[in-house]
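Trainee: Could you take me closely through one part of this model, beginning with a single residue and working outward to the elements around it?

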Amino acid sequence: MRLSDMTRGEVPGFALVRADAADLLHGAVRHESELEGWIRPWRFSADQMRAMGSCQAWHPGLYRQMGRATAGVCLEFTTDSSEVAVEVRLDGEPVGTREVLKYVDAREAGRQAAAPEAFARQAGAAAPARMHDGLSCEVDGRPLGVRAPAPGDDQVTFTLDDPSAAPAEGIMQLPGMGDTHHVRVWLPCLRGCTLRSVVGNGSFIDPVEKRRNLLVLGDSIAQGFVVDDPALAWPTLLAAELGLDVVNQGVGGQVFQPGTLYGLAPAIDPAAVIVALGANYRYEPCRERLVTRDVRSFLEQVARLWEGVPTWVATPLWHDEDAWPSHRMSCFEVVPRLIREQASRFDGMRVVDGAGLLDHDAALMADGFEHPGPAGSRQVARRLGFVMEQASTPQDELRERALSLLAKAPRRTFPLAECLRRGVGSVICARPGCVALREPGGMQMLWATDRELAKDVACALMGDAVTLCLEPSLADDLAGWLGLPVKDPVHLAIYRKKARPRVDAAHPVRPLGPQDLSAVRQRMTHPEYQTDAQTLALLGEGNMLGAFAGDELVGFIGEQTEGSMGMLEVFEDFRRHGWALALESAKICQVLDRGQTPWCEVWPDNKASVRLQHKLGLTVLPATEACFLAKSRGSAPEDAR
């Protein structure tokens with residue numbers, strides 16, 4: 001006996017449980033009552049709707065239609081029902097939405113026509129027209145897919161019991177006798193709807209307590225064009241990962257429009273704010289001066305309304321300019337810079353490079369050029385989650401987590417672990433499968449066993465600075481992701497002995513000071529590896545040692561900003577007389593006195609340095625285990641020759 005029969009009164013005598021939809025709403029800013037108990041959920045305040053439809057908006061008619069869509073709004077409840085029915089009436093598609101979907105469908109039809117055999121093998125028959133929107137149900141974390149009311153109907157029914165856990169094929173649990181389910185029903189993201197109630201065949205439907213909000217201020221990409229499932233829009237996915245209720249204020253065609261936040265603040269409680277606007281400037285003529293004004297005014301309002309709330313401002317995602325060129329009178333090419341400049345004016349605002357949130361791959365786009373499909377939307381949500389985690393988690397916590405992950409990692413990860421133990425640098429990522437760090441000089445280190453996680457971290461959190469890759473199998477991929485074409489293998493040499501090396505009194509070595517800056521900089525073989533300020537800091541801390549023949553400086557040794565021994569220089573007239581051995585021996589003793597483990601990086605072609613490390617008792621790892629990635633040769637750190 002189906003719930004649909006019971007709700008229509010075809011089987012009298014059965015008691016059903018019913019809950020008002022208004023009591024189950026999450027992500028709605030408000031709702032309006034209509035006739036016969038129906039309600040309309042809104043994700044915008046009444047003041048916001050008036051502002052979006054005002055003469056100051058770029059496309060007021062379009063925004064009024066898009067504003068009615070219920071993107072990010074869901075019904076959330078627990079129930080012991082095995083089936084529930086949602087009473088719902090869908091609005092028609094906005095005209096602007098319909099045009100986008102027609103383009104996507106035509107593109108899909110063209111692809112099928114171009115390769116009919118491949119699509120026939122995938123589908124087994126002619127594929128039906130895609131359903132781009134509807135109600136999407138998730139039960140105990142298990143997605144049931146997207147459904148819409150049948151023509152002339154005003155309800156959608158979902159079977160909640162997991163078929164794999166049923167007692168036998170085709171047998172359902174008795175109503176009210178099954179497990180308690182946690183249910184989310186996501187409302188359409190591309191159109192609006194009205195609701196009345198949720199009906200179940202169990203004994204209760206209880207609302208779930210509302211959470212704090214993830215407020216997303218965006219355009220059609222945030223709204224959910226064209227992910228085909230409202231549960232798969234990136235704001236919805238990200239909010240679920242963060243344990244928040246999303247308030248999705250993505251509007252197709254929207255730009256930075258000052259004045260569109262009035263009336264919102266009293267209705268929500270944001271734990272975080274994401275601003276993801278700017279892409280639509282590329283479609284129309286626009287002037288840099290006016291766009292700058294609007295970006296500044298909009299962000300000022302965000303900062304004022306949610307002072308103290310962490311706010312991330314993303315520059316536009318990658319798009320395929322060749323597939324759909326920007327308007328020749330558009331100032332879009334400067335928009336990312338304008339956003340960065342204006343966001344940097346406000347405390348608590350962090351800029352996210354949108355180009356790193358999505359791979360530069362048209363296959364990830366539902367329309368082939370701009371709107372991410374389901375896979376692209378998941379990628380954006382994941383990478384934004386990494387960015388937010390890295391920025392909001394205390395470094396002490398990330399450092400402890402990273403050290404735990406490296407406890408049983410291969411020996412080649414020593415540089416990462418030693419930086420963490422010394423408190424050097426900042427942790428970029430500390431997740432199972434990937435640990436990454438940025439040291440004070442800007443150099444990056446990464447070790448990973450999870451390729452996809454490493455790719456997300458590299459694209460979203462790492463830049464094109466020199467990178468020490470500690471996972472050989474990822475070196476080529478990491479070089480491509482970061483745009484670092486030069487790959488130089490390097491030996492890692494580690495002093496693991498307990499005994500200190502012998503100090504030769506015939507080769508005196510003592511700390512240098514700030515007064516020696518000029519002498520040191522003039523004699524460095526590669527002064528470009530370190531700035532004057534970094535060298536001066538080393539000298540001030542006593543971490544640069546000099547060798548002296550009488551009163552004459554004959555060589556020196558220092559440290560890289562990541563803590564490795566380096567910059568070993570013996571002046572030409574004094575080479576092959578034991579000064580290099582004396583300098584590095586003294587440096588090893590100095591590092592040991594600090595309670596740290598001495599180590600260094602050595603280029604494979606520097607045979608003399610490799611021999612020196614062996615002579616001093618360092619463990620020298622094969623150069624196949626680590627490599628530097630750089631834009632050009634000569635930009636990697638100096639080795640301990």
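Mentor: In this predicted model, let us begin with Asp456, which, leaving aside its neighbours within four places in sequence, is in contact with Gln379, Arg382, Arg383, Phe386 and Leu461. Asp456 itself belongs to helix 13. Its relative accessible area is 2%, and since buried means under 20%, Asp456 counts as buried. One of its contacts is polar: the side chain of Asp456 meets the side chain of Arg383 at 2.7 Å.

Helix 13 (residues 451-461) also bears on the nonpolar interior. The largest nonpolar core has 51 residues, and Leu214, Trp234, Ile274 and Val457 are those with the most contacts inside it. Helix 13 provides the largest share of this core, 7 residues. A second, separate core of 31 residues includes Val255, Val275, Trp306 and Val313. As a general background, nonpolar side chains in soluble globular proteins tend to be buried together.

From Arg383 we pass to helix 10. Helix 10 covers residues 374-392, and at 1.5 Å a residue its 19 residues should span 27 Å; because its end C-alpha atoms are 27 Å apart, the expected and modelled spans agree. Its buried residues are Gly376, Ser377, Gln379, Val380, Ala381, Arg383, Leu384, Gly385, Phe386, Val387 and Met388. Arg383 is thus on the buried list of helix 10, and Asp456, its polar partner, is buried as well.

Helix 10 also leads to Trp234. Leaving aside neighbours within four places in sequence, the contacts of Trp234 are Val216, Ile221, Ala222, Ile274, Ala276, Ser377, Val380, Ala381 and Leu384. Among these, Ser377, Val380, Ala381 and Leu384 are buried residues of helix 10. Trp234 lies in helix 7 (residues 234-242), where Trp234, Pro235, Thr236, Leu238 and Ala239 are buried. The buried residues of helix 7 pack against helix 10, and also against strand 10, strand 13 (213-218), helix 6 (220-223), strand 14 (245-248) and strand 15. Just after helix 7, Gly243 adopts a positive phi of about 75°.

The strands that receive helix 7 can be followed in turn. Strand 13 and strand 14 run parallel and are joined by 4 bridges; within this pairing, Val247 of strand 14 stands opposite Leu215. Strand 14 sends Asp245 and Val247 one way and Val246 and Asn248 the other way, and all are buried. Strand 15 (residues 270-276) runs parallel to strand 16, with 3 bridges joining them, and Val273 has Thr311 of strand 16 as its bridge partner. In strand 16 (residues 311-314), Thr311 and Val313 point one way and Trp312 and Ala314 the other, and all of them are buried. Val313 brings us to the second core, of which it is a member.

Returning to helix 10, its other neighbour of interest is helix 11. For helix 11 (residues 395-406), 12 residues at 1.5 Å each should span 16 Å, and the end C-alpha atoms are 16 Å apart, which agrees. Leu398, Arg399, Ala402 and Leu406 are buried in helix 11. These residues cover an arc of only 100° around the axis, so they sit on the same side of helix 11. Asp396, Glu400 and Ser404 are exposed on the other side. The buried residues pack against helix 10, helix 12 (414-422), strand 18 (426-431), strand 19 (434-438) and strand 20 (444-448).

Strand 10, which also packs with helix 7, offers a final point of detail. Leu187 is placed in the loop between strand 10 (181-186) and strand 11 (193-200). With a relative accessibility of 0%, Leu187 counts as buried. Its contacts, apart from neighbours within four places in sequence, include Leu25, Pro41, Val73, Leu135, Leu195 and Pro230. The C-alpha atoms of Leu187 and Cys137 are separated by 9.0 Å, although the two residues are 50 residues apart along the chain.

These local details belong to a chain with 18 helices and 30 strands, of whose 641 residues 54% are buried. Of the contacts in the chain with a separation of 6 or more, 75% involve residues 24 or more positions apart.

How values were computed
Residues are numbered from 1 along each chain as its sequence is written. This is a predicted model: local features need pLDDT of at least 70, side-chain atom pairs count only at pLDDT 80 or more; totals for chains, interfaces and linings use all residues. Side-chain values use heavy atoms; hydrogens and water are left out. A nonpolar core is a set of buried Ala, Val, Leu, Ile, Met, Phe, Trp, Tyr and Cys residues joined through side-chain atoms within 4.5 Å. Buried means under 20% relative accessible area, exposed over 50%, partly exposed in between (1.4 Å probe, protein chains only). Helices (H or I, at least four residues) and strands (E, at least two) are DSSP runs, numbered from the N terminus. Contact means heavy atoms within 4.5 Å. A polar contact is a pair of N or O atoms within 3.5 Å; within protein, one must be able to donate a hydrogen and the other to accept it, and residues adjacent in sequence count only if both atoms are side-chain atoms. The expected span of a helix is 1.5 Å times one less than its number of residues. The arc is that of the directions from the helix axis to the C-beta atoms. Two strands pair if DSSP finds at least two bridges between them.
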